[in-house]
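Biologist: Could you take me through this structure? I would like to discuss the strands and a helix.

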Amino acid sequence: MWMSTFWRLARPALQRSTSAAACRALRACRRPGRSGPTSMQLRGQQTLGSACVPLAQHSVRTVRALDEERMVEVEWEGGGHSLYPFTWLRDNCQCPLCTLDSAQARKLSMLDLDVHTGLDAVEVTNDNKVSVLWPDRHTSAFDADWLKRRCFSAAARRASREELFLNQRHYWDSELRVPTADFQEVLRDDRAALDWLLALRRVGVVHLTGAATERGAVARLAERVGYLRLTFYGHTWQVQDKPMANNVAYTSGKLGLHTDYPAMHFAPGVQFLHCISAAEEGGESEMVDGFHMAELLRREDPEAFRTLCSVHVDFTDTGTDYCDFMLQSKKSIIE
Ligand SMILES: [Zn+2]
């Protein structure tokens, strides 16, 4: 019931949609009076990818080569300037010979890259691109917005990191009020889905209510933003008391606090648990923020913290379920 690939899948959509400007754009994209269900014809990834986020338009005022520093200096119409190393520009040439546009992937071989390259000429074109002529007569043309997004200034890099990686985190203790969301709303409404994902990213846990008490809800939620990853327990599995249990979760005894799947090389990114039938007595879920506990330990007992970060211990998982499995790994308790 988990997807370790979750963030890899969700991130591109979030990258387009989670900056303050993007969130405003997301709202603006909705026509007044049209808040009905989103089309659900596609599987996975359809959540936010279609959000129309306008790009800011930047214009280049002047450009010049600083030969001694081996940098191109771009002066922007709106004020300010950016510096781009010659080698970086040549390395990131966007022409069809150097980049496969449809995949946004590099084609230029490292063998063909002269890391000491000079530059013969640089100019602003009529369509507001920065055009570079290299000594081997190769030319590159860089879109102004493309360049602006990749400005190397500390402030621009900080803003970019924040937009791409959503660094805001809330480490919590027993005071936490677990964020909640409505299952059906998350399924049908992009804004609710985005809020859910942002809370999940910030806090690490979200309580969804309103799912039907039947199997299948986990898969529907997963396919809203990505897909389920197959494991040796199958695509999904039932956490219930089972004879000859191959996991302590499949017993009626108390399940202590733990981290799931430490034996795996790619541990779960997100797990979805759906309570279909609650026990009449007991069965409470307990959660602890491991990051918060690690931080407390680092402050209160640095040596213990260092030990848990450095000593590798064995993790194993063996049994039969969807298939036979036997996993073995060596990892530190705190990574
Ligand atoms: Zn090129």
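**Strands and a helix**

Modeller: To begin, this is a predicted model. In it, T320 stands opposite D324 in strand 14.

Biologist: How many bridges join strand 13 to strand 14?

Modeller: There are nine bridges, and strand 13 and strand 14 (residues 324-332) run antiparallel. The connection between strand 13 and strand 14 is a hairpin of three residues.

Biologist: And what is the count of buried residues in strand 13?

Modeller: The count is zero among the nine residues of strand 13 (residues 312-320), which is hardly covered.

Biologist: Changing topic: which residues are buried in helix 8?

Modeller: In helix 8 (residues 217-225), the buried residues are A217, V218, L221, A222, R224 and V225. These residues lie on the same side of helix 8, because they cover an arc of only 150 degrees around the axis.

Biologist: Why would residues three or four places apart point the same way?

Modeller: An α-helix has 3.6 residues a turn, so such residues share a direction.

Biologist: Now the open sheet of three strands. What is its order?

Modeller: The order is 2-3-4, and the pairing is antiparallel. Strand 2 (60-66) and strand 4 (81-85) stand at the edges; each has a single partner strand, so one side of each has no neighbour in the sheet. From one strand to the next, the twist averages 20 degrees.

Biologist: Over how many bridges do strand 2 and strand 3 pair?

Modeller: Strand 2 pairs with strand 3 (residues 71-76) over six bridges, in the antiparallel sense.

Biologist: Which residue in strand 3 is the bridge partner of V63?

Modeller: The partner of V63 there is V74.

Methods: Residues numbered from 1 in each chain as written. Predicted model: local features only at pLDDT ≥ 70, side-chain atom pairs only at ≥ 80, totals over all residues. Pairing = 2+ DSSP bridges. Helix = DSSP H or I, 4+ residues; strand = E, 2+ residues; numbered from the N terminus. Axes fitted to C-alpha atoms, helices over the stretch in contact; angles between N-to-C directions. Buried ≥ 20, exposed ≤ 12 C-beta atoms within 10 Å, placed from the backbone. Arc of directions from axis to C-beta.
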